[in-house]
Amino acid sequence: MTVIAANTGHQNVAMLGIGAYRPKRLVSNDEVCEVLDSSDQWIFERSGIRNRRWISGDETARSMAAAAAERAIENSGIDKDKIGALILATNSWKTKIPHGGPIVAYDIGLNGIPAYDIAAGCGGFGYALGVAADTVRAGSAEYVLVVGVETMSVVMEPTDRNTAFIFGDGAGAVVVGPSDDNGISPTVWGSDGENAEAIGQNYDIPEYMDRAQEYQHKDPETEPVGRMVVTMEGSRVFRWAAITLPKALSSVIEQSGIGIDDIEVFVPHQANARINDLMKKNLGFPDDLPMANDIENTGNTSAASIPLAMEEMLATGKAKGGQTALLLGFGAGLSYAGAVVTLPPAPKVSSFDDLG
């Protein structure tokens, strides 16, 4: 019988370094309400958001992803040449063809490594982290760079009361690699295609040739197609979250092999501060248990949300490297992904260094 070779990897893996990039432009609720029929009070009471950051000048998803990736590598202390794969979690990269992963790898001097995108909504970072951890465990790469990046400001309608005040831009990244002790639990993930259209877009890639030809022959001056923007049925998403997320959180803790009392930090997706407060209460966490609240001044950055929130807590001392944290991302798909992790060391080079 022919014996085919197989890789062997490292059973224990962890996040070894974290990096992020926050756009320089800070956009207040008052500025959003210059075109949106709303108010600062209404927005904050319903979402917990006071400000968000939007790209400006020469900032792009590409430049932010590269900056966050470089910082994660520097903060990990790992030689860049040891990075064996790159996973880019994003929903707002400007093209599907080409996908963004190889471009980011090239930009940071790692052209040639396997690099690909994961589009799993706001749970994308959780999906990417789980795949990265299993890639190291399988021996397909020793170190994997995971990057979450979004420019949600360019894919939302500024007059839509369902979405305009929610979204922000940014990038976060982590280096995943072997560790003496395991620092990433099995990923608990899932999706609900029945309710997938609760978060969507206003324009789709044509499903068949006739429609594609019709699009191609439009006169852009007399028949503008318009740009793709995100749409959301907020109440439908909330109902799904209320049923799905408590079960997901319980499964994450159960599969991690630790108890609820072992959790020292809670880092939920920064979709809505009120939802996060409710999840924290329902889990029975004490009031003084640190919980990410990056949404207040960063907004909902979709697939970049969790690494940005982790980086903010570590950079400001709200959490410490080595603590045990519960992560949960959820959103478009509708999908979710969660894990219990050991937080990486506080960043030596922080996203706040740019902001003064």
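**Notes on α8 and the nonpolar cores**

1. The buried side of α8 packs against α2 (40-47), α7, β11 (265-268), α9 (295-298) and β12. Contact here means heavy atoms within 4.5 Å, and buried is under 20% relative accessible area, exposed over 50%, partly exposed in between (1.4 Å probe, protein chains only). Helices (H or I, at least four residues) and strands (E, at least two) are DSSP runs numbered from the N terminus.

2. Bear in mind that this is a predicted model: local features need pLDDT of at least 70, side-chain atom pairs count only at pLDDT 80 or more, and totals for chains, interfaces and linings use all residues. Residues are numbered from 1 along each chain as its sequence is written, and side-chain values use heavy atoms, with hydrogens and water left out.

3. Which residues of α8 are buried? They are A273, I275, N276, M279, K280 and L283. Down the helix axis they fall within an arc of 160° (taken from the directions from the axis to the C-beta atoms), so they line one face of α8. K281 and N282, on the other side, are exposed.

4. Now the ends. At the start of α8, a side-chain oxygen of N272 comes to within 2.8 Å of the backbone nitrogen of R274. After the helix comes G284, with a positive phi near 80°.

5. The largest nonpolar core (buried Ala, Val, Leu, Ile, Met, Phe, Trp, Tyr and Cys joined through side-chain atoms within 4.5 Å) has 42 residues, and F266, M279 and L326 have the most contacts inside it. α7 gives the largest share, eight residues. Beyond its neighbours within four places in sequence, M279 contacts L245, L249, F266, P268, L328 and F330.

Technical notes:
Polar contact = N/O pair within 3.5 Å; in protein donor to acceptor, adjacent residues only side chain to side chain.
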